[in-house]
Amino acid sequence: QVQLLESGGGLVQTGGSLRLSCAASGGIFRLSSLGWYRQTPGRHRELVARISSEGDTTYADSVKGRFTISRDNTRATAYLQMADLKPEDTGVYYCYRDPGNYWGQGSQVSVSS
């Protein structure tokens with residue numbers, strides 16, 4: 001049974017930084033692709049960043065140059081380093097793992113203006 005446990009959300013001012021962590025248990029972590037999605041009220045859950053099992057990364061245009069996704073296979077953990085945060089980055093961030101379509105519990109990120 002694969003489980004994803006997120007941590008690191010919180011409240012920060014515009015221009016601040018946060019780091020989200022996603023610790024995985026079960027399955028073969030190093031063979032998984034991982035992603036972070038963001039859910040905001042009235043909008044569909046959108047992809048923020050993704051990292052493949054080989055380490056290739058993809059970002060939403062809105063976060064390019066500000067967010068960095070990474071992974072540590074020895075710790076079975078994925079990270080999302082967020083810098084220069086803006087109020088529009090506010091939302092619930094979900095960690096995602098594939099194959100298997102697994103989701104974390106969500107972490108609230110709030111950016112005040």
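**Notebook: disulfide, core and aromatic contacts**

I looked up the torsion of the Cys22–Cys95 link first and found -80° about the S-S bond, which makes the link left-handed. The model I am reading is a predicted one.

**Entry 1, the disulfide.** I checked the sulfur atoms of Cys22 and Cys95 and noted a separation of 2.0 Å, S to S. My count for the structure stands at one disulfide. I then located the two partners: Cys22 belongs to strand β3 and Cys95 to strand β9, so the bond ties together parts that are 73 residues apart in sequence. Are the two cysteines buried or exposed? I read a relative accessible area of 1% for Cys22, which is therefore buried. For Cys95 I read 0%, and Cys95 is buried as well.

**Entry 2, the nonpolar core.** I next examined the largest nonpolar core and recorded 26 residues in it. Which residues have the most contacts inside this core? I listed Trp36, Phe67, Leu80, Met82 and Tyr93. I then traced the elements that give two or more residues to the core: β3 (18–25), β4 (33–39), β5 (46–51), β7 (67–72), β8 (77–82), β9 (91–98) and β11 (107–112). The largest share, four residues, comes from β3. As a general remark, I note that nonpolar side chains tend to be buried together in soluble globular proteins.

**Entry 3, aromatic pairs.** I searched the whole structure and obtained three aromatic pairs. I inspected Tyr37 with Tyr96 and found an edge-to-face arrangement, with 5.6 Å centre to centre and 70° between the planes. This pair links distant parts of the chain, since Tyr37 is in strand β4 and Tyr96 in strand β9, 59 residues apart. I recorded both Tyr37 and Tyr96 as buried.

I then turned to Tyr37 with Trp103, which is also edge-to-face, at 5.1 Å centre to centre and 65° between the planes. Here strand β4 supplies Tyr37 and strand β10 (residues 102–103) supplies Trp103, with their positions 66 residues apart in the chain. Is Trp103 buried, partly exposed or exposed? I read 33% relative accessibility, so Trp103 counts as partly exposed. I grouped Tyr37, Tyr96 and Trp103 as one aromatic cluster.

**Entry 4, Arg45.** Over which rings does Arg45 lie? I found Arg45 over the face of Tyr94, 3.7 Å from the ring centre. I also found the charged end of Arg45 over the ring of Trp103, at 4.8 Å from its centre. Trp103 thus appears in my notes both as a member of the aromatic cluster and as a ring under the charged end of Arg45.

How values were computed
Residues numbered from 1 in each chain as written. Predicted model: local features only at pLDDT ≥ 70, side-chain atom pairs only at ≥ 80, totals over all residues. Heavy atoms only, no water. Core = buried A, V, L, I, M, F, W, Y, C linked by side-chain atoms within 4.5 Å. Buried < 20%, exposed > 50% of the residue type's maximum accessible area, 1.4 Å probe, protein only. Disulfide = S-S within 2.5 Å. Phe/Tyr/Trp six-rings, centres within 6.5 Å; stacked < 30°, edge-to-face > 60°. Lys NZ or Arg CZ within 6 Å of the ring centre and 35° of its normal.
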